[in-house]
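Let's go through this one by asking what earns each label. Have a look at the structure first.

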Amino acid sequence: MQIGVIGLGRMGGNIVRRLTRAGHACVVYDANPEPGAQLAKEGATAAASVPALVEALGSGPRAVWVMLPAGKITEDTIAQLGSLMKAGDVIIDGGNTNFKDDVRRARELAPKGIKYLDIGTSGGVWGLARGYCLMIGGDADTVARLDPIFAALAPGLGDIERTAGREKHDPRAERGYIHAGPVGAGHFVKMIHNGIEYGMMQAFAEGFDIMRHRADAKLPADERYDLNLGDIAEVWRRGSVVTSWLLDLTASALAKDAHLEGFSGHVEDSGEGRWTIEAAIEEAVPADVLAASLFVRFRSRQQHTFAEKVLSAMRLGFGGHVEAPKK
């Protein structure tokens with residue numbers, strides 16, 4: 001299939017590479033011409049502007065995937081695409097957008113007959129090799145039409161043990177992508193995914209911080225333990241019930257730097273943790289762990305602990321997020 005991709009950063013560029021390697025034709029654009037030029041050498045077609053990208057996609061029906069940071073740049077790009085595209089074309093937002101913005105945009109595009117999909121995209125900087133977990137919102141017919149694109153981006157069955165009893169369920173979930181529901185549902189599910197991620201990361205961070213302080217001189221001498229955190233992270237990867245990709249990243253970071261000296265402990269948040277708590281408030285659902293993990297990130301920008309260094313190490317590992325440098 002043919003698709004346009006706007007935004008060629010850490011994830012956008014690798015989305016293009018994965019699609020190109022699967023035989024799909026990609027027309028690409030970024031405000032910075034360098035990544036487009038590089039992708040052109042790898043089989044994509046680079047456009048010099050958004051209008052040029054739309055024109056290069058031909059008469060349609062066309063599909064354009066927007067992979068930009070949430071906010072004004074995404075709003076402006078989708079508005080521009082809405083003025084250039086026609087009935088039957090599809091605009092996809094694969095970034096970390098608030099699901100309520102998706103609902104509004106789809107409503108605005110509907111009179112023109114332009115379809116809109118929101119796709120929660122997880123995989124970070126590892127997506128090219130591992131594939132991307134996709135949570136898709138939009139109408140079923142449009143999702144089905146673009147299925148070859150989603151199937152190429154998703155991880156596939158891989159070597160993960162199959163879940164018993166899923167034989168009669170939607171097979172796409174086992175391959176790493178789902179049609180979550182109507183417009184907004186994809187980003188809503190991804191938002192909750194990221195909120196849960198905050199809580200999981202915080203639990204690991206606090207646990208390793210507690211172990212690190214077990215050698216404190218204030219404790220009774222016979223209850224002090226000088227623990228090797230790198231070895232502990234590694235052994236937990238081998239058969240423990242807390243085995244996870246986040247633990248893998250923690251083990252990797254500790255193997256390289258046992259004291260995580262390269263991290264300041266200043267931890268940013270992408271915004272989706274905040275939106276998750278807002279949704280919990282709207283629904284009157286208690287979210288003690290998720291709320292606390294978000295507030296810890298706020299506090300980390302004033303006072304840092306080893307736990308926050310662990311958080312920063314995980315964020316760098318899965319998403320390439322570089323926190324404020326150590327001073």
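Q: What makes the biggest cluster of 29 residues in this predicted model a nonpolar core?
A: The label asks for buried residues of the nonpolar kinds joined through side-chain atoms within 4.5 Å. The largest set of that sort here has 29 residues, and Trp65, Leu134 and Phe150 have the most contacts inside it. Two or more residues each come from strand 1 (2-6), helix 1 (12-21), strand 2 (25-29), strand 4 (63-66), strand 5 (90-93), strand 6 (115-122), strand 7 (133-137) and helix 8 (147-153). Helix 8 gives the largest share, with four residues.

Q: Which residues does Phe150 contact, leaving aside neighbours within four places in sequence?
A: Phe150 is in contact with Trp65, Leu117, Ile119, Leu134, Ile136, Val143 and Tyr177. Apart from this core there's another one, of 24 residues, which includes Met201, Phe204, Ala205 and Leu246.

Q: Why is the protein chain called as compact as a globular protein of its length?
A: For 327 residues the globule rule gives 20 Å, and the chain's radius of gyration is 22 Å. Those two are close, so the chain counts as compact in that sense. Its C-alpha atoms fill a box of roughly 75 × 45 × 40 Å along the principal axes, and its secondary structure comes to 14 helices and eight strands. Buried residues make up 46% of the 327.

Q: Why is Val66 called buried?
A: Buried means under 20% relative accessible area. Val66 has 0%, so it is buried. Val66 sits in strand 4 and, not counting residues up to four places away in sequence, touches Ile6, Thr77, Ile78, Leu81, Ile92, Asp93, Gly94 and Gly95. As for Phe208, it is 142 residues from Val66 along the chain, with 38 Å between their C-alpha atoms.

Q: How do you know whether Asn194 is buried or exposed?
A: Check its relative accessibility: at 5%, Asn194 counts as buried, as the cut-off is under 20%. Asn194 lies in helix 9 (residues 185-212). Beyond residues up to four places away in sequence, Asn194 touches Asn96, Ser270 and Glu272.

Q: What makes Arg224 partly exposed?
A: Partly exposed is the range between the 20% limit for buried and the 50% limit for exposed. Arg224 has 34% relative accessibility, so that's where it falls. You'll find Arg224 in the loop between helix 9 and helix 10 (229-236). Setting aside neighbours within four places in sequence, Arg224 has contacts with Arg214, Ala215, Asp216, Ala217 and Leu219. The C-alpha atoms of Arg224 and Val16 are separated by 52 Å, and these two residues are 208 apart along the chain.

Q: Why is a positive phi worth pointing out in a residue other than glycine?
A: Because most residues other than glycine have a negative phi. Leu260 isn't a glycine, yet its phi is positive, about 50°. Ala284 isn't one either, and has a positive phi of about 55°.

Q: Which of the labels, buried or exposed, goes to Leu260, and which to Ala284?
A: Leu260 has a relative accessible area of 2%, so it is buried; its place is the loop between helix 11 (245-256) and helix 12 (272-283). Ala284 is at 69%, so it counts as exposed, given that exposed means over 50%. Ala284 is found in the loop between helix 12 and helix 13 (288-300).

Key: Residues numbered from 1 in each chain as written. Predicted model: local features only at pLDDT ≥ 70, side-chain atom pairs only at ≥ 80, totals over all residues. Heavy atoms only, no water. Buried < 20%, exposed > 50% of the residue type's maximum accessible area, 1.4 Å probe, protein only. Contact = heavy atoms within 4.5 Å. Rg over C-alpha atoms; globule rule 2.2 N^0.38 Å.
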